[in-house]
Amino acid sequence: MAASPSTARAINDRLALRLLQQEGPLTAGRLKELTGLSRPTVADLVERLTAAGLIEVAGEARAQRRGPNARLYGIVAGRAHLAALDVRTEGVALVVSDLVGAVLAEASLPIADDTGTGPAVEQAVALVERTAKEAGADRLHTVGIGAPGLIDPATGELRDSTGLPQWHRRLVAVLQERLPEARVSVENETNLAALAEQRDGAARDRDTFVLLWLGHGTGAAVILDGTLRRGASGGTGEIGFLPVPGTRGLPSATDCAGGFHSLAGAAAVAQLAVECGVVPEPGAGPEAAGAVRAAVSAHGSAAHTRFLDILADRVAVGVASVVALLDPGCVVLGGEIGQAGGEALASHVHDRLTAMSPLPVEVRPSTLGGGAVLRGALLTARDQAQDELFGVPEH
């Protein structure tokens, strides 16, 4: 069935806006080349989008002749402001950007374990309000939040999880109360990291892959055929609860101790470093990541080699289970520990998987590391804001 004129215009407008997002300012002539549309059609959409306040003249192309064809058109970046938060057990990191995702201000705030729910939420919300003001944002259009834990697929809310701070769940509700005009959404941190690696990181050439997050906790995100898979209850990738050999006991419904978390979580990795005599690099961030970084840079020390070998054995146990079930073809080692291990840890894990599994799989280190969650939250907020402001064509 042929598209109606209004639907065709909406599709063409959306195509042009996406190209301007991806490529930056373009001339009408370049838009014609990239879209394959006729010159009159491009002229009409440029006029329409300019009148709607979505694009503006952003300069002139370097050309011998001046005139309408030399004008560069770009998205009106100040049309909306966005915020992205990475909410961890120990604090909050935040960026505020314009509509195209250019960061205008950033901040972070540690929140102590003994801080009450009310004070913790107030500190985090005040940080968002203060940083938005510093960015020159009178209001925030969209706020994307990445947090550990399960997201209820029916409501989009962060579920109450044992072991996670109560202020995490309360923060989302209070932000929505204090920012009534903003769209506030929350997503699991590992899922956001995977989306960031897919768009801007180690998995840009893959439609199917698994991100294994190795940080304070362990998690996995599954991208199949270009789509993030969350599962029936939002729990796809809760690999910390995976029963594995080498632990004391089994995990329970409320505690992942005894699962893969007990082998590869930050506390377990830090303890392994002590047992192997590996001293973390000073000022290298979390203790576990510092130990991994020290081992990678030691170049052949027996203690450091043993530490990396054992760590690779542990990581491979979890990865092998994922590979056997999903056959993703690619696994990205993310989080602070995955980033610290780099190519060395990824290579060690790959060697062990080759011996354990008949299924071919690449193992790659994250290129975004601990910043992947914040990047994923910002990309998601940008997509949501543009979907609303640019309009989604009717099908």
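In the largest nonpolar core, which comprises 43 residues, the members that touch the most other members are Leu212, Phe307, Leu311, Val315, Val331, Leu333 and Val349. Two or more residues are given to this core by each of the elements β9 (209–214), β10 (218–224), α7 (261–264), α8 (266–276), α9 (287–296), α10 (302–326), β12 (330–334) and α11 (335–356), and among these α10 gives the most, with ten residues. The model described here is a predicted one. Leaving aside residues up to four places away in sequence, Leu311 touches Val269, Leu272, Val292 and Leu345. A second core, separate from this one, holds 32 residues, including Leu85, Val143, Ile145 and Ala182.

Helix α8 illustrates how one of these elements is placed. Its residues Ala266, Ala268, Val269, Ala270, Leu272, Ala273 and Cys276 are buried, and the buried residues of α8 pack against α7, α9, α10 and α11. After α8 comes Gly277, for which phi is positive, near 80 degrees.

An open sheet of five strands was also found, with mixed pairing and the strand order β6-β5-β4-β7-β8. Its edges are formed by β6 (103–110) and β8 (183–188), each of which pairs on one side only, and neighbouring strands of the sheet are turned against each other by 15 degrees on average when direction is ignored. Strand β7 (residues 142–147) pairs with β8 in the parallel sense over six bridges, and Ile145 has Val186 in β8 as its bridge partner. Two helices are associated with these strands. Helix α4 (residues 117–134) lies across β4 (81–88), β5 (91–98) and β6, and runs at about 160 degrees to β6. Helix α6 (residues 189–200), which packs on the sheet, touches β4, β7 and β8, and its direction makes about 95 degrees with that of β8.

Charged side chains contribute 19 salt bridges to the structure. One of these joins Asp13 and Arg48, whose closest N and O atoms are 2.7 Å apart; this pair links distant parts of the chain, since Asp13 belongs to helix α1 (residues 5–23) and Arg48 to helix α3 (residues 39–51), 35 residues apart. Asp13 is buried, with a relative accessible area of 10%, whereas Arg48, with a relative accessible area of 29%, is partly exposed.

Asp387 takes part in salt bridges with two arginines of helix α1. With Arg14, the closest N and O atoms are 2.3 Å apart, and because Asp387 lies in helix α12 (residues 372–390) and Arg14 in helix α1, the pair ties together parts that are 373 residues apart in sequence. Asp387 counts as partly exposed at 31% relative accessibility, while Arg14 is buried, with a relative accessible area of 12%. The side chain of Asp387 also meets that of Arg18 in a salt bridge, at 3.2 Å from N to O, and this pair likewise links distant parts of the chain, with Arg18 in helix α1 and Asp387 in helix α12, 369 residues apart. Elsewhere, a network of salt bridges links Asp86, Arg88, Glu189 and Glu336.

A polar contact was also identified at Thr27, a residue of strand β1 (residues 26–27). The side chain of Thr27 reaches the backbone nitrogen of Arg30 at 3.0 Å. Because its relative accessibility is 13%, and buried means under 20%, Thr27 counts as buried.

Key: Residues numbered from 1 in each chain as written. Predicted model: local features only at pLDDT ≥ 70, side-chain atom pairs only at ≥ 80, totals over all residues. Heavy atoms only, no water. Core = buried A, V, L, I, M, F, W, Y, C linked by side-chain atoms within 4.5 Å. Buried < 20%, exposed > 50% of the residue type's maximum accessible area, 1.4 Å probe, protein only. Helix = DSSP H or I, 4+ residues; strand = E, 2+ residues; numbered from the N terminus. Contact = heavy atoms within 4.5 Å. Pairing = 2+ DSSP bridges. Axes fitted to C-alpha atoms, helices over the stretch in contact; angles between N-to-C directions. Polar contact = N/O pair within 3.5 Å; in protein donor to acceptor, adjacent residues only side chain to side chain. Salt bridge = Lys/Arg side-chain N within 4 Å of Asp/Glu carboxyl O.
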